[in-house]
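Trainee: I have just opened this model and would like to work through it with you. Could we take it one question at a time?

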Amino acid sequence: MTTWRRSSSLSEQEDLAANYQRAFGKRIGYGERPALILIDFVQAYFDPDCALYAGVDSALASALRLQKAARAAGVPVIYTNVVYTPGGADGGRFWQKSMTLQNFEAGSPMGRWPDGLTVDQGELVITKQYPSAFFGTSLASTLASMGVDTLIHTGLSTSGCVRATCVDCCSHGFIPIIAREAVGDRHPGPHEANLFDMDAKYGDVESEADVLRYLETRKQQA
């Protein structure tokens, strides 16, 4: 494992928030045509016997509340999962780097939806092989064809596929909204650090309650 030498920097010499406020943190705000995405809520993160277990039941519960509100408002709901051919030939360097992606080989029970999560008929499932829901998939063109301008992010994990999707969402010209309680990670350190960074540089991190209020306005305008 690489050992990084800790150096003194401006960000270590002053309050973190004050440092970032000089350059980051502007709010984008919600757009007019949202979609909700549930990123990689699959059994691997909920099975204590799996190396990917992350104890993220509260994130799923929050995402399901948002799913219910989005459906009631007529807002598109999109899901992602990860599936590889046996042996991971389509996993490239991501497969080579990870010690756990064999859990997502086609047919593995670790790739199924966890208890409580259902996909309604007509709702889109994006199957991916890399962290971002946009990379190598039809997501961007699908959102554009729907007229969507805002993508509400929920899912797993905050420091991995949620962050990668957020950055690509911004890069493709959509507004990334990250629902704080509806994303999760295996450790609070990476979770909080990546929420902080996404909120500072790429999108807006908002509370579940705030996102629910926004979805209610979409229902009223439907």
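Trainee: Which residue in β4 is the bridge partner of Pro34?
Mentor: β1 and β4 pair in the parallel sense over six bridges (strands are DSSP E runs of at least two residues, helices H or I runs of at least four, both numbered from the N terminus; two strands pair if DSSP finds at least two bridges between them). This is a predicted model, where local features need pLDDT of at least 70, side-chain atom pairs count only at pLDDT 80 or more, and totals for chains, interfaces and linings use all residues. Residues are numbered from 1 along each chain as its sequence is written, and side-chain values use heavy atoms, without hydrogens or water. In β4, Pro34 has as its bridge partner Thr150.

Trainee: And which residue of β5 stands opposite Ile152?
Mentor: Here we look at the pairing of β4 with β5, which is parallel and has six bridges. Opposite Ile152, in β5, stands Ile177.

Trainee: In what order do the six strands lie in the open sheet?
Mentor: The pairing in this open sheet is parallel. β3 (124-128) and β6 (204-206) each have a single partner strand, so they stand at the edges with one side left without a neighbour in the sheet. Reading across, the order is β3-β2-β1-β4-β5-β6.

Trainee: How many residues of β4 are buried?
Mentor: Buried means under 20% relative accessible area, with exposed over 50% and partly exposed in between (1.4 Å probe, protein chains only). On one face of β4, Thr150, Ile152, Thr154 and Leu156 are buried, and on the other Leu151, His153 and Gly155 are too. β4 is therefore largely enclosed by the rest of the structure, and its buried count is seven of the seven.

Trainee: What angle does helix α3 make with β5?
Mentor: Helix α3 (residues 57-73) lies across β1, β2, β4 and β5. Axes are lines fitted to C-alpha atoms, for helices over the stretch in contact (heavy atoms within 4.5 Å), and angles run from 0 to 180 degrees between N-to-C directions. Relative to β5, α3 runs at about 135°.

Trainee: Is Thr165 buried or exposed?
Mentor: Thr165 is found in helix α6 (residues 158-171). Beyond its neighbours within four places in sequence, Thr165 is in contact with Ile39, Pro131, Ser132, Ala133, Phe134 and His153. Because its relative accessibility is 0%, Thr165 counts as buried.

Trainee: Which residue does the cis peptide bond join to Leu156?
Mentor: This bond has an omega of about -15°. The partner of Leu156 is found in the loop between β4 and α6: it is Ser157.

Trainee: What is the volume of the largest pocket?
Mentor: On a 1 Å grid over the protein atoms alone, a pocket is an open set of points where a 1.4 Å probe fits, with protein on both sides within 12 Å along at least five of seven lines; lining residues have an atom within 4 Å of a point. Of the 22 lining residues, the closest to the centre are Tyr45, Leu52, Phe94, Thr100 and Ser157, and the largest share, three residues, comes from α6. Grid points are joined across faces, edges and corners, and a volume is the space filled by probe spheres set on them. For the largest pocket, that gives about 440 Å³.
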